[in-house]
Amino acid sequence: MTDGETGRGIDALLHVPLHVTARLGSCRMTIADILKLGSGSVVELDRAAGEPVDLLANERRIARGEIVAVGDRFGVRIVEIPEPRS
């Protein structure tokens with residue numbers, strides 16, 4: 001395959017949609033604990049306040065960042081992009 005053929009293949013992938021998620025953290029809960037949740041309940045996550053959040057594409061981490069306000073919405077400012085795994 002020549003470089004020209006490789007370039008066309010990559011171009012074809014550039015418009016493939018991916019599901020992107022910003023994950024603040026997670027925790028384990030029993031069903032009983034989940035059923036007790038109500039308005040005002042607090043769920044403690046496994047991350048400290050101010051710690052970077054993971055940015056995922058199709059459930060794979062592609063970057064880490066910090067939460068920022070963008071007008072009346074939230075966004076993620078990228079602070080780290082890991083080296084690709086071979």
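**Group meeting talk: strand 2 and its surroundings**

Let me open with a contact of D54: its side chain and that of R64 are joined by a polar contact of 3.1 Å, where a polar contact is a pair of N or O atoms within 3.5 Å, of which, within protein, one must be able to donate a hydrogen and the other to accept it, with residues adjacent in sequence counted only if both atoms are side-chain atoms. Before going on, I should say that this is a predicted model, in which local features need pLDDT of at least 70 and side-chain atom pairs count only at pLDDT 80 or more, while totals for chains, interfaces and linings use all residues. Residues are numbered from 1 along each chain as its sequence is written, and side-chain values use heavy atoms, with hydrogens and water left out.

Staying with D54, a second polar contact, of 2.5 Å, joins its side chain to that of R47. D54 sits in strand 2, strands being DSSP runs of E with at least two residues and helices runs of H or I with at least four, both numbered from the N terminus. Is D54 buried or exposed? With a relative accessible area of 5%, D54 is buried, because buried means under 20% relative accessible area, exposed over 50%, and partly exposed in between, with a 1.4 Å probe and protein chains only. If we set aside neighbours within four places in sequence, D54 is in contact with T21, A22, R23, R47, R61, A63 and R64, contact meaning heavy atoms within 4.5 Å.

Now to the strand as a whole. In strand 2, 5 of the 5 residues are buried, so the strand is largely enclosed by the rest of the structure. V53, L55 and A57 point one way from strand 2, whereas D54 and L56 point the other way. In a regular strand, the side chains alternate between the two faces of the sheet.

As for its partners, strand 2 pairs with strand 1, residues 20-23, in the antiparallel sense over 4 bridges, and two strands are said to pair if DSSP finds at least two bridges between them. Within that pairing, A22 stands opposite L55 of strand 2. Strand 2 also pairs with strand 3, again in the antiparallel sense, over 5 bridges, and here the bridge partner of L56 is R61 in strand 3.

Strand 2 and strand 3 form a hairpin with 2 residues between them. What is the phi of N58 in the turn? N58 has a positive phi of about 50°, in a residue other than glycine, and at 46% relative accessibility N58 counts as partly exposed. E59, which lies in the loop between strand 2 and strand 3, has a positive phi of about 70° although it is not a glycine, and E59 is exposed, with a relative accessible area of 63%.

Finally, let me turn to the loop between helix 2 and strand 2. A49 lies in this loop, between helix 2 (31-35) and strand 2 (53-57), and at 83% relative accessibility A49 counts as exposed. A49 and L24 are 25 residues apart in sequence and 9.4 Å apart in space, C-alpha to C-alpha. L37 is found in the loop as well, and L37 is partly exposed, with a relative accessible area of 38%.
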